[in-house]
Amino acid sequence: MDCPQGTLWTQSQPPNVLFVSITTALLGSSAELDEADGHIATFQLWLSSRPYSHQERHMNLTWLSIERLKRYNLLEQPEDIDKSILHLTEAVLLPLPPLIDSDVCTCVVFCFFQLARSLFARFHLTSQPEDLKYSVDYFRHLYHSDLRLDPIGVPRQDFTLSLQWLLRGLLARFQLLHRREDLDEAVLLLQMSIDHICTIPPHKLRDACTWVAIARVSGHPSVSTAYETAMSWLQTSLVFAPTLHTQHAHLLAIEEANKLPLEYASYQVQTGRLEEAIQTLERGRALLWSGMRGLRTSIDQLSSTHPALATKLTIINQDLETLMTEAGTDAFSNVLKKQRMLLNERDALTSQIQGLRGFENFLKMPSFDMLRAAASRGPIIIINHCSLRSDMILVLHDSPPSLIPTAEDFYHRANELADRLSDTRKRHVLESMQYKRALRYVLEELYELVGQPVIDKLHELNIPEQSRIWWCPTSVFCSLPLHAMGPIPSKVKVKRYFSDVYISSYTPTLSALIKSREPSVQTSDPLSLLFIAPPDTSLIGVGEEIEVVRRSLGSSVDSAVLEDATSETTIESLRHHRLAHFTCHGVLEEGKPFDASFILHGGNRLTLLDIVRSRLATAEFAFLSACHTAELTDGSIADEALHLTAAMQHLGFRSVVGTMWAMADTDGRDLAEHFYTSMFSGEDESLPYYELSAKALRDGVQKLRREKRVSLERWVNFVHYGA
């Protein structure tokens, strides 16, 4: 706020209000020129009519300098910034009164602060190194001064701002003079700030990300340490966001943090550490799913040897999961307090368990040797989409990971493809020629960018065609149809796409894929499928879809139909069936990924959060014949993979078929018929049905393309996640 016309600063203003006033005025006031001139005249009159020793001279000189700076911002006349510096210089040279209270202390701090900023601004105007030198000196004085830790109430904000501006000054001087000591001091300051007891966790993460950026660009030897520190605070910061909603909002608010795992992995690839890069991507992506999965970790081995510890850990995990997923009515502070207490109990118990023989690695981040087990059924292609360098890493279970070559413009081309597909879908309906052209272009470009190099690498490694492969994408690739890249250039008339050559599945992380293959709870119940099919006059063909699926299943699989479905009855009914087939509407809520949902009977909704709260011990496969089930909500974080298909995996289904966008009603019926006929054909009785579902989807889609002649956007829509 501006100092009102005719009103001068007095010591009755609280220091924190004073700080906000000064900072707001300097950082973007909309004051008119005549207002600024009026304030300047008022302050000059006050100063000329008061003795030099007046105790409020400090602050009124500071206000006068701020008005000069506002005038400079309006007119860009160098004399205004020169006069501002003169006023501030006089203010800092004034003798202090014998007794220094909080107001005087605040006044001195801000005089120095504004003087340092003004000198820095003039340096950018005139490029005079002398101004930069004094600016850095003043900011250094402020940062190291005892004033910032004065117990009488100087605001914390001046310490934070002093640090940020000192860093700017040091880095500007490093760019100008290439003084290595300036760079070293900047890194040291960030380390000090991160370690400081008064720095709150979000600021520690911010400072760690700044350290990373400085060290990476300059080639400072502390790069790896900076990344490790930042990754640690990225995970720790979630502790201060006790619910899934607040954790997602927290991650969304810190743009640098979202890029951190991708950038660290790119650095590790650059330095030849592929295995560590894979571990980093696993550690820093899908944090919400990983956190929830950690609360459902298998404790069978622990139960058999130390049942009391296993029971105690199970109870704590269940309480934490309830706290994270329930809306509740408790105040945020109470929820946070409960969460911290439970986390402390869990950490202590985990440490106790890790001290037991045979449990040294219990709940620790998986090693690369553990992660590579995800490729036991076929190769995994990790795509790390990063502005610093983008890479495709191929993971095999029995040999070291290898790089797949990427084009120099890989990062920017991928961004352009994702933007074109998303923007066209928002402006035009899926059946429009505009969208068909956009999708055709994207698939052709994707094949050149990703598909051809991947096929070349798979051929080089003697991975036979028709093998299964898994995509583990990051960033914009989470929304691009990698399974359908093409057409592949060929002399034959029939168009072939990537899915015709290799059978594609997706996984958000390697751990999620490993989890999907863990032995399930044994049941003597016969194999059965549950249709979730609430009556809806807008969905034509649901009855036909159920009938064709039943015919495809034959007599070997029982089935039941749940029509009057609510969120509660749906979850409860799913407990009694290993297979599920949803035929209903799927909807997304912009900016609210946890509200993505299936529309059930009477408008009741089964939301993503409802699904996450539940767990199924014997679930195997789910076919989601609904719109948008594998589509990310606008406003969510791509690398968190918050969509209904991933939620169904978390619920317990080993494999899930979902949709990347809206679907045609008849496609559910036609695809389901071919899909289940393929899955229950009996061609390979050595594999569980959920592991046959990826090939069944590929076969069903081929039938849609060749027999039904469905358009491109309709068959590309369907994707397979999981085992």
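Let me begin with one residue, Trp 233, which, once its neighbours within four places in sequence are left aside, is in contact with Ile 194, Pro 201, Lys 204 and Leu 205. Trp 233 belongs to helix α10, which covers residues 223-237. If you pick out Ile 194 from those partners, you will find that its C-alpha atom and that of Trp 233 are separated by 9.5 Å, although the two residues are 39 residues apart along the chain.

Before going further, I should say that what we are looking at is a predicted model. The mean pLDDT of the protein is 83, and 87% of its residues reach 70 or more. There are, however, stretches that call for caution: over residues 1-31 pLDDT stays under 50, and the model has 69 contacts beyond four places in sequence for that stretch. Residues 146-158 also have pLDDT that stays under 50, and for them the model has 26 contacts beyond four places in sequence. Where pLDDT is low, the predicted coordinates should not be read in detail.

Now to the whole protein. It has 29 helices and 14 strands, and of its 723 residues, buried ones make up 55%. If we take the contacts in the protein with a separation of 6 or more, 74% of them are accounted for by residues 24 or more positions apart. As for the surface, the protein exposes about 31100 Å², and carbon and sulfur atoms supply 53% of that area.

Let me turn to charged side chains, where the count comes to 42 salt bridges. I would like to follow Arg 140, and the question to ask is which residues its side chain meets in salt bridges. One of them is Asp 137, with a distance of 3.1 Å from N to O. These two residues are 3 residues apart in helix α6, which spans residues 129-144, and so they are separated by about one helical turn. Both are partly exposed, since the relative accessible area is 25% for Asp 137 and 22% for Arg 140.

Arg 140 also forms a salt bridge with Glu 185, and here the closest N and O atoms are 2.8 Å apart. Because Arg 140 lies in helix α6 while Glu 185 lies in helix α8, residues 180-195, this pair ties together parts that are 45 residues apart in sequence. Is Glu 185 buried or partly exposed? With a relative accessible area of 18%, Glu 185 is buried, as the cut-off for that word is under 20%.

A further salt bridge joins the side chains of Glu 181 and Arg 179, at 3.6 Å from N to O. Glu 181 is partly exposed, its relative accessible area being 46%, and Arg 179 is partly exposed as well, at 29%. Elsewhere, salt bridges that share partners join Asp 37, Arg 68, Arg 71 and Asp 80 into one network.

My last topic is empty space. Rolling a probe the size of a water molecule over the atoms shows where empty space is left. In the second largest pocket there lies about 1100 Å³ of space. This pocket is lined by 39 residues, and the closest to its centre are Val 476, Ser 479, Leu 632, Ser 636 and Ala 638. The elements that give two or more residues to this lining are α12, residues 255-270, and α19, residues 410-427. Which of the elements gives the most to the lining of the second largest pocket? That is α19, with 9 residues.

Then there are the cavities, of which the structure holds 7 with a volume of 30 Å³ or more. The largest cavity has a volume of about 140 Å³. Of the 15 residues that line the largest cavity, His 483, Ser 499, Leu 697, Arg 698 and Phe 718 are the closest to its centre. At least two lining residues each come from β5, residues 503-506, from α28, residues 689-708, and from β14, residues 718-722. Here α28 gives the most to the lining, with 6 residues.

To close, I would ask you to keep two places in view as you turn the model: Arg 140, which has salt bridges with Asp 137 and with Glu 185, and helix α19, which gives the most to the lining of the second largest pocket. Please also remember that pLDDT stays under 50 over residues 1-31 and over residues 146-158.

Technical notes
Residues are numbered from 1 along each chain as its sequence is written. This is a predicted model: local features need pLDDT of at least 70, side-chain atom pairs count only at pLDDT 80 or more; totals for chains, interfaces and linings use all residues. Side-chain values use heavy atoms; hydrogens and water are left out. pLDDT is the predictor's confidence in each residue, from 0 to 100. Contact means heavy atoms within 4.5 Å. A salt bridge is a side-chain nitrogen of Lys or Arg within 4 Å of a carboxyl oxygen of Asp or Glu. Helices (H or I, at least four residues) and strands (E, at least two) are DSSP runs, numbered from the N terminus. Buried means under 20% relative accessible area, exposed over 50%, partly exposed in between (1.4 Å probe, protein chains only). Accessible areas come from the Shrake-Rupley method with a 1.4 Å probe; for residues, only the protein chains shown count as cover. On a 1 Å grid over the protein atoms alone, a cavity is a set of points where a 1.4 Å probe fits but cannot get out, and a pocket is an open set with protein on both sides within 12 Å along at least five of seven lines; lining residues have an atom within 4 Å of a point. Grid points are joined across faces, edges and corners, and a volume is the space filled by probe spheres set on the points.
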